[in-house]
Amino acid sequence: MMQDIDLGAVEEKDWKCATFKQVVDLTEKTDEVIAKYGETQASSMQGDDAKVEEAVEAMLELEKKARLGGDVKSTLRLAVEIINLLVALKVYQKLMTYVEVLMKRRAQVKNVQLAVIKFARKAIDGAPEDEKISLIKKLRDICQGKLHVELEFAQLSVELVEIWEAQGKKKESADIMQDVQVETIGNMERTEKLRILLLQIRLNLDVDDFIRAAIMARKTTSRALSKPDSRLIKMRYYELMIRYYGHFDNYWYLAKCWMELFATALDEETKKQLPDHPLVKDPCQALSTVLIYLCLSPNKLPTDREQTDAAAFSPWNKETNRLELIKKYSREKLVDDVPDVGKMADYFLQKELVHWPQFAETYKSVHDLHSVFKQEHCWEHLHNRVTEHNVKVISMHYKRISVSRLSELIDLTPQEAEQAVCRLVIDSDVWARVDRIDGIITFAKQKSSNEVVTDMKSSIDHVLSQIASACHLIHKESMLHAL
């Protein structure tokens, strides 16, 4: 869990603190005290609390002189030696006590505080399970609210969550991660930030906190996910967003997520990095899922801002025309490997009626085998999309039609047919008026007198234009043949 820590790296690299004028140089005295009371003498102090207290107090006294005298290097060495001694002795209660003391000392330099936390974390690996949780909690409490140790605070939170998840404490784990704001941690690696964001999204989804999951998902961008070293992270991100949109049955954005997975699976860099990923081995699975979700999507796009702004989609994935996307993906070369799904999607591109009983029988294999239709209501929603397609086709060919005749054409009862028309009218997909007394549906919008006159004028202008064109051609032929 913890790697070996380079004290020089802590002093020079991890934190650029304010510099103070050095008044004293206690290097020689520090060497003597460390040699007498340092970590190398831990075996002689084992089990003797009095000797431990004596050693720690001696080093604390010299640390105070070095700190107030501006000798930062000696202060850093003494503070770290105190921590290393207590870690070696495995006296965890004393360790936490003196960590807190060192962190709160007057005029304590920030890189000393950073080193104290880093070296104290070494105790976590060798501690028993109960002590480990107490150590992490205490170190988190000490780090909380301090900008120079916010990286350690985030890492400690992740360690605690890993332990609690193994114990089945999902709710507590999700609550702990609410305090971690990785987007503000400047010295954290980009990939580590993304992994913690994925952890936060997943934990919120596990406890059905979809509002916070959406908030966490918005903290990244498609640009960050598209870096060459983030392919696996990108795949996991969209898999989590599929869980999120699946809860709301938001088929449009489910299709968008699968488009991202399909494009990533076909990328050459992904094939090199993740040759064993299921979608890399079989991208046809992603393609067929994209087409099915596009077929399930209504023509009217979702308008809930909470959902529409949740995921970070790539710039190329901004198309809003459902039929154009069906056309695009049904023309992919890999469609030949999933012919049933490709042919099913083609029905929505044709201006012909689709008879549901025949359609359901033809694509029964898709219903039985594809994972999308394990949820039975998805097949019912596909029936609704087929019905809506049929109503739109009829509206193109009929100005007026009886409800009974409409119900025969689209294989529904009169009541269901009327409801289907009403849904499309509400979604502004078709214009229609229902006369329930006479049982007549009118698809042609009644024009005002001004619109009628305008249409007549346009028609007359068109006829006159055609006559003028014909006269010109006749005159041209007469000139050519000298008639």
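1. Strand β1 and strand β3 (residues 440-442) are paired in the antiparallel sense, with 3 bridges between them. One pairing can be named individually: S402 has I440 of β3 as its bridge partner. The model under discussion is a predicted one.

2. The pairing of β1 with β3 belongs to an open sheet of 3 strands, in which the order is β1-β3-β2 and the pairing antiparallel. The edges are formed by β1 (400-402) and β2 (433-435); each has a single partner strand, so one side of each lacks a neighbour in the sheet. On average, and with direction ignored, neighbouring strands of this sheet are turned by 20° against each other.

3. The next point concerns a helix pair. Two packed helices are described by the angle between their axes and the distance between the axes. For helix α6 (residues 92-104) and helix α7 (residues 110-120), the axes come within 9 Å and the crossing angle is roughly 165°. Angles over 145 degrees count as roughly antiparallel, and α6 and α7 are therefore roughly antiparallel to each other. The crossing in which α6 passes α7 is left-handed.

4. Which residues meet where α6 and α7 are in contact? From α6 the participants are L95, V99, L102 and M103, and they meet Q113, V116, I117 and A120 of α7. By class, the residues of this contact comprise 7 nonpolar and 1 polar, with no charged residue.

5. V72 lies in helix α5 (residues 72-89). Is V72 buried or exposed? Its relative accessible area is 22%; since buried means under 20% and exposed over 50%, V72 is classed as partly exposed. When neighbours within four places in sequence are left aside, V72 is in contact with V109 and N111. In addition, the C-alpha atoms of V72 and Q108 are separated by 9.4 Å, the two residues being 36 residues apart along the chain.

6. Two aspartates merit attention for their backbone torsions. D249, a residue other than glycine, has a positive phi near 55°. D249 is placed in the loop between α15 (231-247) and α16 (251-266), and with 28% relative accessibility it counts as partly exposed.

7. The second is D411, which is not a glycine and yet has a positive phi of about 60°. Where is D411 placed? D411 is found in the loop between α26 (403-409) and α27 (414-426). Its relative accessible area is 32%, and D411 is accordingly partly exposed.

Definitions and conventions:
Residues are numbered from 1 along each chain as its sequence is written. This is a predicted model: local features need pLDDT of at least 70, side-chain atom pairs count only at pLDDT 80 or more; totals for chains, interfaces and linings use all residues. Side-chain values use heavy atoms; hydrogens and water are left out. Two strands pair if DSSP finds at least two bridges between them. Helices (H or I, at least four residues) and strands (E, at least two) are DSSP runs, numbered from the N terminus. Axes are lines fitted to C-alpha atoms, for helices over the stretch in contact, and angles run from 0 to 180 degrees between N-to-C directions. Angles under 35 degrees count as roughly parallel, over 145 as roughly antiparallel, 65 to 115 as roughly perpendicular and the rest as oblique. A crossing is left-handed if the near helix is turned anticlockwise from the far one by less than a right angle, and right-handed if clockwise. Contact means heavy atoms within 4.5 Å. Ala, Val, Leu, Ile, Met, Phe, Trp, Tyr, Cys and Pro count as nonpolar, Asp, Glu, Lys and Arg as charged, and the others, Gly among them, as polar. Buried means under 20% relative accessible area, exposed over 50%, partly exposed in between (1.4 Å probe, protein chains only).
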